[in-house]
Amino acid sequence: MSLPILAPEDRPLAGLKVLDFAQFLAGPAAALRLADLGATVIKIERPKGGDLCRGLVINDQKLDDSSLLFHTFNRGKQSVAADLKNPADLAAVKRLVAEADVMIHNFRPGVMDRIGLDIETVRAVNPGIVYGHVTGYGNDGPWRDKPGQDLLAQSLSGMCWLQGDRAQGPVPVGFALLDIATGNNLVQGILSMLVRRGVSGQGGLVEVDLMSSAMDLQFEQLTAFFNDDTLPSRTEISNANVYGAAPYGIYATADGWLALAMVPLAVLADLLDCPALNDFAQPEAFGRRDEIKPIIAAALKTRPTQAWLDVLEPADVWCAEVLDWARLSRTEGFAALSPLMTMRTADGREARTTRCPIRLDGGLLTSGVGAPALGAHTSQHIDKADAV
């Protein structure tokens, strides 16, 4: 049974207007989520080239004249082409700002001040607007002008020393984790300001940055570090959490891989038919994990993954097979979530992508509209603004 789709007019942000000045991922990802929730999102782009992400092609994939990556983060939006250095275009954009509910940008600190769209100028035009600003490292300090890019922020944040086994060097997360997390943080801040505006009429400024998001994602580990000042140590094998006690990790089986979360060693000794684990008391599961994990690894290697699942799952052991995307996409669990949707460009080209992960009132938040062609909605918005 397919899950129902929530109609656009029934979504909670229907009627709100968002101006998206951002490029690449973090800011556009936040604007995308607001669009999923019903807002009308208008990208303000340079007349020549637009959002730089239009030309950032990965995996040799394009849809119409833009990268598939651009469509992934900008589906369902509208596009206005405007040169913010041109006084006439800037004046027209300011008229759009006057009627907007939210604006988002990710220019480096000081850029919007020079353009004339800084928070104070915008507030003078529209006191109730919610103004969202994404940076790499905040507005102050020696890093403020560093490029705010996901891998670079991961590397500076200490995060890359949490992945991989002890013998490896630093291992980054293999996707734009900080861009997505920062975008989500921006959405939370914007929604909180919209609630306040609904009560008091007062808009506000929401500021997020990649580095603060990186700190927040590591709050469990950083709390432990700053309370004993000791660097955490990765395990020799199956490192999945620097503070995770054995057996926490991923292990090879006879035909694949199995993830084990928290389970008492005595229980595991019985289920794996591995009496050697009985030599370790449960309080030693962390301090002696480099001795314990190889024993578990050797035992799990003797049987196929499904055979172990047949033993462990009925005993309520927290475990899971490790799937790749191809196998995941063939599972009933994947199908039950209806996680995919098809987006279409104005010229009818199609691509599959993931849907918004939120369900509201039992309905999915999907949109079949791909990203807009550069400037496709300029006359719709700018001409109207000029006529005011």
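Two strands count as paired when DSSP finds at least two bridges between them. Keep that in mind as you open this predicted model, since the tour starts with a sheet.

**First stop: the three-stranded sheet**

Select β9, β10 and β11, which form an open sheet in that order, with antiparallel pairing. The edge strands are β9 (249-252) and β11 (319-321), and each of them pairs on one side only. If you look from one strand to the next, you will find a twist that averages 25°.

Now narrow the selection to β10 (residues 257-260) and β11, which run antiparallel and are joined by three bridges. Which residue of β11 is the bridge partner of leucine 258? Selecting glutamate 321 shows you that partner.

Next, add the helices that lie against this sheet. Helix α11 (residues 289-300) packs on the sheet and touches β9 and β10, and its direction makes about 40° with that of β9. Helix α12 (residues 305-312) lies across β10 and β11 instead, running at about 30° to β10.

Before leaving this part of the chain, select alanine 246 and proline 247, which are joined by a cis peptide bond with an omega of about 15°. Most peptide bonds are trans. Proline 247 is found in the loop between α9 and β9.

**Second stop: the six-stranded sheet**

Select the strands of the other open sheet, whose six members follow the order β5-β2-β1-β6-β7-β8 and pair in the parallel sense. At the edges stand β5 (78-81) and β8 (204-209), and because each has a single partner strand, one side of each is left without a neighbour in the sheet. On average, neighbouring strands here are turned by 20° against each other, when direction is ignored.

To see one pairing in detail, select β2 (residues 40-45) together with β5, which are linked by four bridges in the parallel sense. Within this pair, lysine 43 stands opposite serine 79 of β5. Then add α1 (26-36), which lies across β1 (17-20), β2, β6 (102-105) and β7, and whose direction makes about 155° with β6.

A short detour leads to aspartate 60, in the loop between β2 and β3 (62-63). The phi of aspartate 60 is near 55°, a positive value in a residue other than glycine. Most residues other than glycine have a negative phi.

**Third stop: two pairs of helices**

Two packed helices are described by the angle between their axes and the distance between the axes. Begin with α8 (residues 210-217) and α9 (residues 219-228), which pack at an angle of about 80° with their axes 5 Å apart. Angles from 65 to 115 degrees count as roughly perpendicular, and α8 is therefore roughly perpendicular to α9. To display the contact, select Met215, Asp216 and Leu217 of α8 along with Phe219, Gln221 and Leu222 of α9. These contact residues divide into four nonpolar, one polar and one charged.

Move on to α6 (150-157) and α7 (177-200), whose axes are 7 Å apart and which pack at an angle of about 90°. These two helices are therefore roughly perpendicular to each other as well. Their contact is made by Asp150, Ala153 and Gln154 of α6 and by Leu177, Leu178 and Asp179 of α7, and it divides into three nonpolar, one polar and two charged residues.

**Fourth stop: the pockets**

Which residues are the closest to the centre of the largest pocket? The largest pocket has a volume of about 1,500 Å³, and of the 33 residues that line it, the closest to its centre are Thr72, Trp325, Leu340, Thr353 and Thr354. Among the elements that each supply at least two residues of this lining are α1, α7, α13 (325-328), β12 (340-344) and β13 (350-354), while the largest share, four residues, comes from α2. The lining as a whole divides into 20 nonpolar, nine polar and four charged residues.

The second largest pocket holds about 680 Å³ of space. Of the 30 residues that line the second largest pocket, select Phe24, Asn106, Gly148, Gln149 and Asp179, the closest to its centre; Asp179 also took part in the contact between α6 and α7. Both β7 (130-135) and α6 supply at least two residues of the lining of this pocket, and the largest share, three residues, comes from α6. The lining of the second largest pocket divides into 17 nonpolar, eight polar and five charged residues.

Methods: Residues are numbered from 1 along each chain as its sequence is written. This is a predicted model: local features need pLDDT of at least 70, side-chain atom pairs count only at pLDDT 80 or more; totals for chains, interfaces and linings use all residues. Side-chain values use heavy atoms; hydrogens and water are left out. On a 1 Å grid over the protein atoms alone, a cavity is a set of points where a 1.4 Å probe fits but cannot get out, and a pocket is an open set with protein on both sides within 12 Å along at least five of seven lines; lining residues have an atom within 4 Å of a point. Grid points are joined across faces, edges and corners, and a volume is the space filled by probe spheres set on the points. Ala, Val, Leu, Ile, Met, Phe, Trp, Tyr, Cys and Pro count as nonpolar, Asp, Glu, Lys and Arg as charged, and the others, Gly among them, as polar. Axes are lines fitted to C-alpha atoms, for helices over the stretch in contact, and angles run from 0 to 180 degrees between N-to-C directions. Contact means heavy atoms within 4.5 Å. Angles under 35 degrees count as roughly parallel, over 145 as roughly antiparallel, 65 to 115 as roughly perpendicular and the rest as oblique.
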